Amino acid sequence: MAKKSKSALLPLLAFAVLAVLGGLVVQKVKTGRAAVSGNVASPLDDKAKEWIEEVVTTPRPPATELP
């Protein structure tokens, strides 16, 4: 009987998938730790800061006036 040649494609594909999933897990853990410690995951630009300031300072109508 002839010896079957083993393909290296499947182990390489499995390694690539595990590497990507591992990277996603590491990113998720880092984001979770940053959120718990109170750090923002990404810096806010000036436009976002202005929008947040506007939303916070704009008075809302009373609940009885809402449609």
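Buried residues (under 20% relative accessible area, with exposed meaning over 50% and partly exposed in between, 1.4 Å probe, protein chains only) make up 1% of the 67 residues in the protein chain. This is a predicted model, in which local features need pLDDT of at least 70, side-chain atom pairs count only at pLDDT 80 or more, and totals for chains, interfaces and linings use all residues. Residues are numbered from 1 along each chain as its sequence is written, and side-chain values use heavy atoms, leaving out hydrogens and water.

Show the whole chain. Two helices and zero strands are present, taken as DSSP runs numbered from the N terminus (helices H or I, at least four residues; strands E, at least two). The exposed surface is about 6,900 Å², with 67% supplied by carbon and sulfur atoms; areas come from the Shrake-Rupley method with a 1.4 Å probe.

Select serine 7, in the segment before α1. Serine 7 counts as exposed because its relative accessibility is 53%. Its side chain reaches the backbone nitrogen of leucine 9 at 3.1 Å, a polar contact (N or O atoms within 3.5 Å, one able to donate a hydrogen and the other to accept it).

Next, select α1. Its 29 residues reach 42 Å from first C-alpha to last, close to the 42 Å expected at 1.5 Å a residue, that is, 1.5 Å times one less than the number of residues. Within α1 (residues 9–37), pick valine 20, which is exposed at 52% relative accessible area. Add Leu13, Val17, Leu18, Leu21 and Leu24: together with Val20 they make a nonpolar surface patch of about 570 Å².

Move on to glycine 38, which follows α1 and has a positive phi near 95°.

Finish at α2 (residues 46–57), where the end C-alpha atoms are 16 Å apart, in agreement with the expected 16 Å for twelve residues. Zero of the twelve are buried, so α2 lies largely in the open.

Methods:
Patch = residues over 30% accessible without salt bridge, like charges linked within 9 Å, V, L, I, M, F, W, Y side chains within 5 Å. Salt bridge = Lys/Arg side-chain N within 4 Å of Asp/Glu carboxyl O.
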